[in-house]
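Work through the exercises below with the sequence and the model open side by side. Each task is followed by a worked solution.

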Amino acid sequence: MPHILIVEDETIIRSALRRLLERNQYQVSEAGSVQEAQERFSIATFDLIVSDLRLPGAPGTELIKLGQGTPVLIMTSYASLRSAVDSMKMGAVDYIAKPFDHDEMLQAVARILRDRQNAPAAPAEARGNGKTGIADKGSSNAANGEIGIIGSCPPMQDLYGKIRKVAPTDSNVLIQGESGTGKELVARALHNLSRRAKAPMISVNCAAIPETLIESELFGHEKGAFTGASAGRAGLVEAADGGTLFLDEIGELPLEAQARLLRVLQEGEIRRVGSVQSQKVDVRLIAATHRDLKNLAKIGQFREDLYYRLHVIALKLPALRERGADVNEIANAFLARQSARVGRNDLRFGHDAEQAIRHYSWPGNVRELENAVERAVILCESPEISADLLGIDIELSDLEDDEPFASLSGNGSAANNTSHEPTEDLSLEDYFQHFVLEHQDHMTETELARKLGVSRKCLWERRQRLGIPRRKSGATSDS
């Protein structure tokens, strides 16, 4: 059982995180400061340290040195996002923004522990340098070797061939595909197979950062550039110098920030907010979107000149429903991962579950599939996982066995729910949709996320999965 140390001075957060990890079969110890952790524990003996960045006394980054190679996951708020990037340079293996979604935290912990097990001798600074970004949607050690993506259907084989050709170049790449298809995995493969592989890859979800902060976060700012700018700071583009900048959901980037990004691509230089001087940067840009940028450019919501700069090489990632038997291969990989997490080796999909997985349309793509498998593993009391445990909405009566199955309730039902009236047996997704539709006209995205107890990024992703558009005016204009 992996042993994790939590270092957090806020008792409520520390206790909640401890319960979350213990429920998922981790052994947990805790401390309120670096000093307390030193006095109570041998820090280097832990498998992972999860620490707040700002603590009484020494900062959380001090644990990087004290851990002697033990991976350190830094928790921080969006207000100190720049500091988190700095902590990555000091050797932190990753960071996660507060308030974090439980799934985000569990995925980050599982990924870090898995990477440590696969490469136990890797030095801390190398692990920290390999991935820096706001969000990492996971990775796969399965098929396709150095590509690291599961699947062997013809569209994916074609994609792998293009990745191998494009990766060694410095050309800009635009990855297109629906939400949840794994666009960041493609970006990471391009980075890992490039000459920049030993330099940082900075991943930014453009939809997850408030519009008022996006320019400052990307391009940095000078002291006094705006209220609260008490010191000058470098931006994420600058942090990616020599490496790769991955901009996920670039269609959400405001026009002003698009103009600055265009200068990076045309001139290879940036100018911090509030500065009159430019500085050179060597950055390869990989962008991703689920939106039609060409049409957005036609209606003035995306710069046409930037679109053509990005569209040097376009890679299309197929939706999960277009990948045939890949869906079952991916599901089995998720089943193995989740089974290991809960300490079970007897779980398998029943025939009806395999049929449901194969024939469901998966509007949320790979992300929805992973959530469905995790749900089934948690709820399953017998070795065989039945279709109803997946929590997807599908009729199986027309499949090969012609067996009549009732429609399964769960994640998919919310999208077809035409009534906004709450019922006593609302699923979590039903409740989410009902709450957002009822309150989005008079609450900002930040307020909605806070009330729902999730991060802004998680709120945005669930909107995408459930097909709930974000209002562009009124109360939600802060996002």
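**Exercise 1: a helix and its buried side**

Check whether the length of helix H11 fits its residue count, then find which way its buried residues face.

Step 1. Helix H11 (residues 255-267) has 13 residues, and at 1.5 Å a residue it should span 18 Å; its end C-alpha atoms lie 18 Å apart, which agrees. The expected span is 1.5 Å times one less than the number of residues. Helices (H or I, at least four residues) and strands (E, at least two) are DSSP runs, numbered from the N terminus.

The model is predicted: local features need pLDDT of at least 70, side-chain atom pairs count only at pLDDT 80 or more, and totals for chains, interfaces and linings use all residues. Residues are numbered from 1 along each chain as its sequence is written, and side-chain values use heavy atoms, leaving out hydrogens and water.

Step 2. Buried means under 20% relative accessible area, exposed over 50%, and partly exposed in between (1.4 Å probe, protein chains only). In H11 the buried residues are Ala-257, Gln-258, Leu-261, Leu-262, Val-264 and Leu-265. They cover an arc of only 155 degrees around the axis, which puts them on the same side of H11. The arc is taken from the directions from the helix axis to the C-beta atoms. An α-helix has 3.6 residues a turn, so residues three or four places apart point the same way.

Step 3. The cover over these buried residues includes helix H9 (211-219), strand S9 (244-248) and helix H13 (304-310).

**Exercise 2: a strand**

Is strand S8 buried or exposed, and which strand does S8 run parallel to?

Step 1. Five of the five residues of S8 (residues 201-205) are buried, so S8 is largely enclosed by the rest of the structure.

Step 2. Met-201, Ser-203 and Asn-205 point one way, and Ile-202 and Val-204 the other.

Step 3. S8 and S9 run parallel and are joined by five bridges; two strands pair if DSSP finds at least two bridges between them. Ile-202 has Leu-245 of S9 as its bridge partner.

**Exercise 3: two acidic residues**

Describe the surroundings of Asp-52 and Glu-269.

Step 1. Asp-52 is in strand S3 (residues 48-52) and counts as buried at 9% relative accessibility. Contacts (heavy atoms within 4.5 Å) of Asp-52, not counting residues up to four places away in sequence, include Asp-9 and Lys-98.

Step 2. Glu-269 is in strand S10 and is buried at 13%. Beyond four places in sequence, the contacts of Glu-269 include Arg-263, Val-264 and Lys-280.
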